[in-house]
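Trainee: Could you walk me through this model, starting with how its strands are arranged?
Mentor: Gladly, let's look at it together.

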Amino acid sequence: MRRAVKSPLALTIALAVVLLVGISVWLLTDPKTTRADALRTGGLAGGAIVALYALWLNDRRRKVEEGRQEIERQRHDLESRRAERDLERVADERFAKAVELLGDDADQVRVGALHALAGLARNRPSYRQTVLDVLCSYLRRPFTHEAKGAEVEQERVVRQTAQRLISDLLPARDDASGEAYNLDLTGATLAYFSIAHRKVGEVTLRYAKLHESNAFHDMVAEGPLWMTEAEVHGLLRMYDSQLGKGWFGGIRFSAKADFRRTEFTGPVTFRGSVFSEEALFEGTTFGESLSLHRTKFDDYVDLRITAIPSSLELYQTLVRPDREHELPDGLELQRQPNGDVRIVAARPA
């Protein structure tokens, strides 16, 4: 490096001296040029050479510095990637260990494992859907809500923890930047489950068993909601929500079902469902289609929806004969010869 620098420097000095002497001597051949002018001009020429060398040297140093900075940046990127891989490895190990602990006999260990999974999901959003899938999977484990005993109560506490953590991991309803995560609760046994005021993607509750009171109100579901053949043994609160497709076929609602002011943008069906208690639909919007095929209302029904959808399926839609019911314009009650009362389209005046 020193030789490479000294050699150009020596050549530059030699060339500057040669130009100083050569130009000065050449100018002195002109009688009109004074010695001072000749030396000044020669000095300027030699100085220009030195200045050019200085510029070249500065550019060389700049390139060396840029190269050093690029090497430093690459080294930093490599270290960052290594650190990220280490974090991923640690996260994978934590995830695997927590999932393994969900099978532990001690309920406090299972609760700790659930919290560990939730903490991982909060710190690393890429794990959030996976963790939600695991929490839902835990709730799909066989469980008899009506059973009694110490072990049952301990398991109930673990399941309540899983339900609460699912809600905590979902973004708020009004969080525009929050990702809409899917929940697969097929066949799950739930009690006091709540995703109220949350935003979700697709929610699957096929063959689920819902006990006590369950809250789906004031929420936004960007995907469809599937509840086909579910068993709803407790209060169902699904009012003031925004939903797409709703599949509620084959359900027996054993307690009050509240759908007031909810907006469905996709097709909705209650085909073959039975409402044993009050069914409230006041202000509900069915934007695409509604099927009440063989739907039965065994108690009071308030069907004052915002408007009758373009596609409305009524066939053997029965109501309790001895109760007063609320219907929208365009629908009316019709008594059958066998004493049944059903909902039909109103006859033109």
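Mentor: Let's settle a term before the sheets: two strands pair if DSSP finds at least two bridges between them. Helices (H or I, at least four residues) and strands (E, at least two) are DSSP runs, numbered from the N terminus. This is a predicted model, in which local features need pLDDT of at least 70 and side-chain atom pairs count only at pLDDT 80 or more, while totals for chains, interfaces and linings use all residues. Residues are numbered from 1 along each chain as its sequence is written, and side-chain values use heavy atoms, with hydrogens and water left out.

Trainee: Which strands stand at the edges of the sheet with 5 strands?
Mentor: That open sheet runs in the order 6-10-14-18-22, with parallel pairing. Two of its strands have a single partner strand each, so one side of each is left without a neighbour in the sheet. They are strand 6 (213-215) and strand 22 (301-302).

Trainee: Which residue stands opposite S213?
Mentor: Strand 6 pairs with strand 10 (residues 235-237) in the parallel sense, over 3 bridges. Across from S213, in strand 10, is L235.

Trainee: What is the order of the open sheet formed by 7 strands?
Mentor: The pairing in that sheet is parallel. At its edges stand strand 1 (183-184) and strand 23 (311-315), each with a single partner strand, so each has one side without a neighbour in the sheet. The order is 1-4-8-12-16-20-23.

Trainee: What is the bridge partner of L225 in strand 12?
Mentor: Strand 8 (residues 225-226) and strand 12 (residues 246-247) are joined by 2 bridges in the parallel sense. For L225, the partner in strand 12 is G246.

Trainee: Are the rings of F253 and F275 stacked or edge-to-face?
Mentor: Rings of Phe, Tyr and Trp (its six-membered ring) pair if their centres lie within 6.5 Å; planes under 30 degrees apart count as stacked, over 60 as edge-to-face and the rest as tilted. A search of the whole structure finds 15 aromatic pairs. In this one the centres are 4.3 Å apart and the planes at 5 degrees, so the pair of F253 and F275 is stacked.

Trainee: How many residues apart in sequence are the parts that F253 and F275 tie together?
Mentor: F253 lies in strand 13 (residues 252-253), and F275 in strand 17 (residues 274-275). The pair therefore links parts whose separation in sequence is 22 residues.

Trainee: Is F253 buried or exposed?
Mentor: Buried means under 20% relative accessible area, exposed over 50%, and partly exposed in between (1.4 Å probe, protein chains only). F253 has 0% relative accessibility, so F253 counts as buried.

Trainee: Which residues touch the most other members of the largest nonpolar core?
Mentor: A nonpolar core is a set of buried Ala, Val, Leu, Ile, Met, Phe, Trp, Tyr and Cys residues joined through side-chain atoms within 4.5 Å. The largest such core has 69 residues. Elements giving two or more residues to this core include helix 2 (35-101) and strand 20 (289-293). The residues you asked for are M227, F248, F259, F270 and F281.

Trainee: What is the relative accessible area of Y138?
Mentor: Y138 is found in helix 4. Contact means heavy atoms within 4.5 Å, and among the residues Y138 touches, not counting those up to four places away in sequence, are L102 and E155. Y138 is buried, with a relative accessible area of 3%.
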